[in-house]
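The following note sets out several points for a colleague who is examining the model. The points are numbered for ease of reference.

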Amino acid sequence: MSEARTLVGLGVSPGIAIGRPLVVENRPLPVTKVPLAPGQLDAEVARLRQAASAAARHVAGLANEARKKVGSDYAAILEAHSFMLEDPALLDGVERVIREQGVNAEWALEHVTQRLLAQFEQLADIYLRERKTDVLDVAGELQRFLQGHAKPTFDHGDEQSILVADDITPSQAIQLGSGRMVSGFASETGGLTSHTTIIAKSLGIPAVVGVADLVRVAEQARLIIVDGFEGHVLVDPDPALIHVYSIRAEEHRRRQQELLGLAHLPAETVDGHRVHLQANIDLPRELEGAKAAGAEGVGLFRSEFLFLQASPDLPDEAEQANAYAEILAAFPAGTVTVRTFDLGGKKLAREVLGNPEANPVLGLRGVRLCLQKPEFFRTQLRALLRAAGKVRLPLRVMVPMIGHIEEIKTVRVLLARYTEELRKEGVKVSERPKVGAMIEVPSAAMIAEHLAAEVDFFAIGTNDLTQYTLAVDRGNEHVANLFRPFHPAVLQLVERVISVGQRYEIPVSLCGEMAADPLAVPVLVGLGLREFSMHAAALPVVRGLVRAISYRDARRIAQKALSFATAKEVEEYLLEQLSALLAHLKLRIRP
Ligand code: PEP
Ligand code: MG
């Protein structure tokens with residue numbers, strides 16, 4: 001058996017996928033200025049026109065496909081793009097720069113694009129101003145055709161293909177699960193808790209991120225293997241290696257099935273301490289899988305994914321209310337928690353805000369953005385109240401990125417206002433929904449006692465809490481080794497919030513990826529956490545672990561874990577404890 005070329009990254013979603021690479025490049029292509037002689041200019045203009053026609057045909061084809069598969073709204077956007085690609089206002093402008101400055105088409109296009117963007121910026125009409133994104137998309141498409149990098153779409157993929165990308169946006173990632181699904185995913189960027197990673201996990205797709213040089217290598221490859229356990233991408237493996245990995249993939253599938261058999265058993269420790277396991281849901285279509293995995297409710301519905309799906313339009317009040325009602329109705333006996341839009345940061349910031357921010361993750365994100373866009377937020381809050389009224393089930397509304405008490409107070413005032421408004425319109429609304437704060441900014445954890453007076457529950461978001469406590473971008477592969485949820489500073493904040501919740505008698509849940517980490521389960525149980533929310537695929541393993549430990553041991557493990565000075569010490573200690581448990585359980589998590 002010969003060695004295949006192995007690229008190393010970070011395994012973020014377990015499992016093995018074997019297939020053809022489907023390469024998608026999203027990063028803007030670098031553009032170089034090439035001076036041309038007068039005799040070359042006609043040919044350059046002809047090259048521009050040819051690339052524009054080819055790009056327009058390509059996008060028109062996508063529009064047709066989209067009309068059949070996704071619906072007319074999205075198709076209409078693509079159609080408009082295909083017309084823009086042949087619009088004289090764009091092409092004549094680029095031609096003029098080619099001729100006047102004697103430069104290559106790529107450079108001229110970049111020049112004209114920047115000028116157009118600046119003109120859009122001056123427009124008074126917000127709607128028109130936000131159409132800047134169309135200009136960027138169209139120019140990007142033309143740039144790709146000029147440079148010979150036509151962007152494949154996921155529609156070319158099937159269950160035999162593995163999506164390989166330099167960078168992938170959350171809105172592209174949600175298409176992974178629609179229609180013909182790809183079987184694996186690998187990217188150059190990303191980290192353990194970047195949103196794309198989370199989506200891959202929710203869909204149960206093996207994924208490896210942070211793989212340097214991936215696109216260049218994969219472009220030449222016929223077949224690749226994504227090993228989400230080890231964080232490896234194997235390029236052009238020989239038949240013997242393919243055979244070995246096929247056996248591993250099969251073993252993993254079988255073990256998952258076995259664990260699913262535990263789904264009906266309560267998540268209770270051997271000494272009778274009961275916790276509740278809930279699902280994180282990105283889209284309503286994940287509900288069935290969550291129920292099959294034994295979720296007792298939804299601890300986090302990332303409502304912004306409704307927006308990502310409908311982008312650039314906002315789903316209207318009725319559409320949103322239907323989606324929320326569907327989720328509520330799926331768990332009539334359990335709790336359902338909908339998080340208000342957590343847009344901004346890296347999620348559709350450009351589309352929602354129009355303008356890019358210099359430092360978006362510390363910018364207008366989550367509740368901050370919603371409070372600055374009152375009409376936008378009103379639609380969502382009214383839809384939530386309407387949905388709970390319609391299905392007559394209790395609703396928990398959770399607010400992301402809370403850093404200041406005033407933010408949660410304002411959300412409460414708005415909910416009261418829209419309740420009144422809807423009642424006056426004769427609409428049946430929810431009786432006072434429970435309102436909770438996500439604790440994902442260190443300041444919120446530090447003022448938890450004060451927040452407790454204002455909210456009905458806390459939900460700890462360890463993905464962002466780790467990011468903001470350690471000042472480590474959760475999606476940046478260059479600092480992925482510093483993204484450590486078991487850093488003592490993060491653990492102490494988690495402990496703090498759980499104990500404040502106990503003291504003030506308000507429920508505390510944890511819905512970051514930490515809830516799904518086998519290493520974290522004993523610590524969190526031992527700290528007294530009662531509600532764990534995670535991507536559905538992780539529920540069976542966590543249930544198995546909870547059922548294998550005693551609350552007494554978990555408390556001991558938690559106390560000891562809090563005593564260390566470094567993340568490494570905590571991780572080593574927890575691994576040792578977990579290994580003892582697994583040996584006892586005979587439950588192996590790796591092949
Ligand atoms: C978190 O930050 O831990 C969280 C659950 O929210 P998200 O991952 O969607 O930011
Ligand atoms: Mg978060």
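**Notes on the metal site, the two sheets and a buried helix**

1. Asp464 is buried, with a relative accessible area of 2%. The model is a predicted one, and the value is computed from it. Glu440 is likewise buried, its relative accessible area being 2%. Each value falls under the 20% limit for a buried residue.

2. Which residues coordinate the magnesium ion (ligand 2)? The donors come from Glu440 (OE) and Asp464 (OD), at 2.0 to 2.1 Å. This pair links distant parts of the chain, 24 residues apart: Glu440 belongs to the loop between β13 and α18 (442-446), whereas Asp464 is part of helix α20 (residues 462-470). Water is not among the atoms, so the site may look incomplete.

3. A barrel is closed by eight strands with parallel pairing, in the order β9-β10-β11-β12-β13-β14-β15-β16. From one strand to the next, the twist averages 25 degrees. On this sheet packs helix α17 (residues 405-424), which touches β12 and β13 (434-439) and whose direction makes about 155 degrees with that of β13.

4. Within the barrel, strands β11 (residues 336-339) and β12 (residues 396-399) run parallel and are joined by three bridges. Thr337 has Arg396 in β12 as its bridge partner.

5. The model also contains an open sheet of eight strands, with mixed pairing and the order β1-β8-β7-β3-β4-β5-β6-β2. Its edge strands, β1 (5-8) and β2 (10-13), each pair on one side only. On average, neighbouring strands of this sheet are turned by 30 degrees against each other, direction ignored.

6. How do β2 and its partner strand β6 (residues 207-209) run, parallel or antiparallel? They run antiparallel, and three bridges join them. Opposite Leu10 stands Val209 in β6.

7. Two helices lie across strands of the open sheet. Helix α8 (residues 195-202) crosses β2, β5 (184-187) and β6, at about 55 degrees to β2. Helix α10 (residues 239-260) lies across β3 (16-24), β7 (224-227) and β8 (232-235), and runs at about 110 degrees to β3.

8. Why is helix α22 (residues 520-527) described as largely enclosed by the rest of the structure? Eight of its eight residues are buried, so the description follows. The buried residues are Ala520, Val521, Pro522, Val523, Leu524, Val525, Gly526 and Leu527. After α22 comes Gly528, with a positive phi near 100 degrees.

Methods. Residues numbered from 1 in each chain as written. Chains lettered and ligands numbered in written order. Predicted model: local features only at pLDDT ≥ 70, side-chain atom pairs only at ≥ 80, totals over all residues. Heavy atoms only, no water. Buried < 20%, exposed > 50% of the residue type's maximum accessible area, 1.4 Å probe, protein only. Helix = DSSP H or I, 4+ residues; strand = E, 2+ residues; numbered from the N terminus. Pairing = 2+ DSSP bridges. Axes fitted to C-alpha atoms, helices over the stretch in contact; angles between N-to-C directions. Contact = heavy atoms within 4.5 Å. Donors = N, O, S within 2.8 Å, 3.2 Å for Na, K, Ca; no water.
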